[in-house]
Amino acid sequence: MMKSKLKYLENSIPKFVVTPTFLIMIIFVYGFIMWNFVLSLTNSKLLPMYNFVGFKQYIELFGSSKWWLALENLFIFSSLFIASCIAIGLLLAIFIDQKIRFEGVFRTIYLYPMALSFIATGTIWQWMLNPGLGLQKFVVEMGFKNFTFDWLVDTKMAIYTIVIAAVWQSTGFVMILLLAGLRGINGEVINAAKIDGASMPKIYWKIIIPQLRPVFFSSIIILLHIAIKTFDLVVVMTKGGPGYSTILPSIFMYQYSFSRNKLAYGASSAMIMLLFVMIFVVPYLYNELRKR
Amino acid sequence: MDVIIKEKNSNKISRILIYLVLSIFAIYFLLPVFVMIITSLKDINEIKNGNILSMPQHFTIQPWIDAWQNARIGASAHGIKPYFINSIMITVPAVLISSIIGSFNGYVFAKWKFKGSDLFFAFLLFGCFIPFQVILLPMSQTLGKLGLSQSVFGLIFVHIVYGISFTSLFFRNFYVSIPTELINAAKIDGAGFFRIFFKILLPVSLPIFMVCIIWQMTQIWNDFLFGVTFSDVSTQPVTVALNNLVNSTSSVKRYNIDMAAALIAVAPTLIAYIVSGKYFVKGLMAGAVK
Amino acid sequence: MTKFRRIAGALLLLGSLSLFGTEVEVLHWWTSGGEAKAVSELKNELNANGYTWKDFAVAGGNGSNAMTALKSRVMAGNPPAAAQVKGPSIQQWAELGVLANLDDVAKANNWDKLLPKQFQKIFKYKGHYVAVPVNVHKINWMWVNPAVFRKAGAQIPTTWAEFKVAADKIKKAGFIPVAQGGQPWQEATIFESIVLGIGGPTFYQKAMVDLDAKALGSDTMKKSFDTLRMIKSYTDKNAPGRDWNLATAMVYKGKAAMQFMGDWAKGEFSVAGKHVGTDYLAVDVPQTSGSYLFNIDSFIMFKQKDADKTKGQKELAKLILKNKFQTIFNVLKGSVPVIQGVPRAPFDDIALRSMDEINAAAYTHSLLPSLAHQMAVTDAIRGAVFDVITKFWNSDESSSDATKALVNAVQNEK
């Protein structure tokens, strides 16, 4: 009797260990999401008020061309950002993996932007990409009179400058993940393919890259998480402009909730944003869980 | 014979190409910080009249001294030094505690699965994606009720709460790659939950702790949103001070001091990356994110 | 033993220090440069009167970060004693019932006499004072580099027709006619001055303050948009995102001829070693002579649980509207006193002109609140108006479409 009780206790230890985390998640993630949902059904302005108005905020939200632009921007930004980080990260990882000299130096150079916040580097990015101050001016002064690089001030192109800076920050991390993946691959298969006379590009394309699939998945999740939370970067570089051409849902939400005093409206945009996250993330999680 | 020479040549060309590509990207990655450094060493007139990419004509480290201890931030002129100390007070405990919690959670999710543990893990992961703007107000209210409002403890608490999703993920993925046979053998020998953790897993966990610590340190040290929302003057982190220094509605801007302050503010994470970058890579290779 | 004594002594000292002055916590976003220096004067004043200023500085986004911090504090149940909040937002905070009544300070210090009538209503909720104004900025200034005008053979314009003639000459001579920072608030700053100039003070009041749908949708508004479009054609294409101070630098460096900006621009000129009258001129935005768009910073005061804190808060309110502080602060900040009868000697010519204009405009009802600077309408409406203006500025939308969009945007938010 005593023994089985002890056994039961021992079996419960893992559950006890994760219980605090469980409670924290229930309250501070899911509880707060629920609170936010309730808020989105009210007419709160400056501070939370519980005067319910149904789905009014959502109706207004979907009638707003600015909100649609924010979603469109998020889509453009995150797909380009994720694709570029992975493409450049893969290229750099493959090249670094060619037994080159100064590997550590290159790796550190690629990785270090991850350590910096955009609060610190934002002004510099703004300068460098500004045609009157930065790169364009420099190249023109070097003698290339017709060189233009004015995306930052172009309503249609400004979102791409955000991608440039974001890629700068996160590519190194993806590169390291992929490098780690590359080094974990069994060399025998590759040697066998070499003996069969396959060219290196072909070996990479047909044999190595497919094996990196789990790493790609992790990278995508981490990058998507970064993309959705992108906030400081836009604030410091374009403040959402020119006009509001570089607005993102996170900026939209902050702007309406805190500086425009439309708290409930901001809350409704947060709910829609979470919904989108769910659409993209849940299938991945499902996949991840099924695998193991 | 001919073929071999050709191959050698093409090999040489491809080597050169590799170094070329790597170097071009190195420039792209280095340029912004290079500009920050040279700007911080110029005097203000040189910045206003010169090219941002030109080297300083008259080197001066005065902007660094001003940024550290003289610059006016709000109503007092003591530079970013006190805020730097606040950031350390917040970051160190928050990083350590969230990493330790993450290690235990990861251990459970990897090696002591129970009914529903996978589902719980999925819930935990989804927690990574909550936009932080959403939690500012309810969290303020909660901290107020807990009596932690505007305190260092409050900030540490918030960082732990929203950090454990990631730390648990890192440790779980690392521990999954450790052979379960090892653990089963220990169980047969009568070792319990904690004994196995401390005797078998912990000794090999250094690389993953490094990954976790560096990741968390980057997140917490660089955080602005929580720092600005849950602090007061005695607890504001360095990012908020930096923001206060560089932002002004109607005053003259001193870009050299701004840049020096920014470089000082990022120094700890930067140094951490350079010094422990090796472990970071090792840790990731050992399977932090697979 | 001596060591112990020293520690004990230090502890005692610490204890007495905290007893010495009740803390008065003040949230503001004047965090750097001259603004911060101006605020530290207030700190010194308060501390000299037996209280302890607790600084709560949060900059960024023209106060939006400070508002986030403020809301967080109110939610947590411990609001600061005072917070920098201006314009109609004061009414919104007062409606929540969290603000302290300052009537006794106001009465004792004669605020009703000192403050111009047009200003008073901003700081009163249901007839009671709930906020203290600090300073006045004039918005409808045009900053001119006379050397550029001379080189181009152009006259400094006083109407928009003259402006066009001058700007064409300046452009031909190879200069940028208008230095512009392409951020929504800067675009709106120009636009509201245009509306004031083209429609006159009565129209401005109707459209931009009372939000009368007819005025908003009128031909005058359309003409204002036309004028905005015309001005845009005289800006350079690198304007988007540019901070206002970099635009000012274009003027004093002789790259550009004019900038439309509030009176804080003079700080940039003087730091660059430029002198008013010779190196640069400050004139009214075309067609707005005699009208005054004002921007007033103010502090709201929150109800405190602690009676001592309430006392400290009232002391702060009192000090802000004393001549001494009004002088020191406004000289440093580049604004002018909000009360009348402050000695004129310490102020520069531009400030003196601004002070005279307040007095003159007050009698002709052409003293008007700036929409761009949060004085005229709630932040929600202001934001909606900004969206319309910035969309127009950054696209080829027609003036009549923009006018319609303006009417709709305001209607939605009302």
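Student: How many helices and how many strands does chain B have?
Tutor: Keep in mind that we're looking at a predicted model. Reading along the sequence of chain B, you get the pattern α-α-α-α-α-α-α-α-α-α-α-α-α-α. That gives chain B 14 helices and zero strands.

Student: Is chain B spread out or compact next to what the globule rule gives for 290 residues?
Tutor: Picture the box first: the C-alpha atoms of chain B fill roughly 80 × 75 × 30 Å along the principal axes. For 290 residues the globule rule gives 19 Å, while the radius of gyration of chain B is 24 Å, well over that. So, against a compact globule, chain B is more spread out.

Student: What percentage of the residues of chain B count as buried?
Tutor: A residue is called buried when 20 or more other C-beta atoms lie within 10 Å of its own. Apply that to the 290 residues of chain B, and the buried share is 54%.

Student: Which helix gives the most to the side of chain B that touches chain A?
Tutor: The contact takes 63 residues from chain B and 69 residues from chain A. Helices of chain B that give two or more residues to that side include H1 (2-40), H4 (81-111) and H14 (255-288). With 13 residues, the top giver is H14(B).

Student: And how many charged residues are on the side of chain B that touches chain A?
Tutor: Sort that side of chain B by class and you find 49 nonpolar and 11 polar residues. What's left is the charged class, and its count is three.

Student: How many polar residues has the side of chain A that touches chain C?
Tutor: Here the contact takes 28 residues from chain C and 23 residues from chain A. By class, the chain A side has eight nonpolar and five charged residues, and its polar count is 10.

Student: Over in chain C, which way does the β-α-β unit turn, right-handed or left-handed?
Tutor: Start with the strands: S1 (residues 23-28) and S2 (residues 52-57) of chain C run parallel, joined by six bridges. One pair to look for is C:Val24 opposite C:Trp53. Five of the six residues of S2(C) are buried, by the way. Add helix H2 (residues 33-48) of chain C, and S1(C), H2(C) and S2(C) make a unit that is right-handed.

Student: Which strands stand at the edges of the open sheet in chain C with the order S8-S9-S7-S10?
Tutor: The pairing in this four-strand sheet is mixed, and the twist averages 25° from one strand to the next. Two bridges join S8(C) to S9(C), a parallel pair, with C:Val178 matched to C:Met258 in S9(C). An edge strand has a single partner, so one side of it is left without a neighbour in the sheet. Those edge strands of chain C are S8 and S10.

Student: Why is helix H13 (residues 244-252) of chain C called largely enclosed?
Tutor: The buried residues of H13(C) include C:Trp244, C:Met250 and C:Tyr252. They pack against helix H2 (44-49) of chain B, and also against elements of chain C, among them H10 (184-209) and H14 (265-271). H13(C) is largely enclosed by the rest of the structure because its buried residues number seven of the nine.

Student: Which residue just after H13(C) takes a positive phi?
Tutor: Go just past the end of H13(C) and check the backbone there. The phi is about 85°, and the residue is C:Gly254.

Definitions and conventions
Residues are numbered from 1 along each chain as its sequence is written. Chains are lettered from A and ligands numbered from 1 in the order in which they are written. This is a predicted model: local features need pLDDT of at least 70, side-chain atom pairs count only at pLDDT 80 or more; totals for chains, interfaces and linings use all residues. Two residues are in contact if their C-beta atoms, placed from the backbone, lie within 7 Å. Ala, Val, Leu, Ile, Met, Phe, Trp, Tyr, Cys and Pro count as nonpolar, Asp, Glu, Lys and Arg as charged, and the others, Gly among them, as polar. A residue is buried if 20 or more other C-beta atoms lie within 10 Å of its own, exposed if 12 or fewer, and partly exposed in between; C-beta atoms are placed from the backbone. Two strands pair if DSSP finds at least two bridges between them. A crossover is right-handed if, with the strands pointing away from the viewer, the path from the first strand over the helix to the second runs clockwise. The radius of gyration is taken over C-alpha atoms; the globule rule is 2.2 Å times the number of residues to the power 0.38. Axes are lines fitted to C-alpha atoms, for helices over the stretch in contact, and angles run from 0 to 180 degrees between N-to-C directions.
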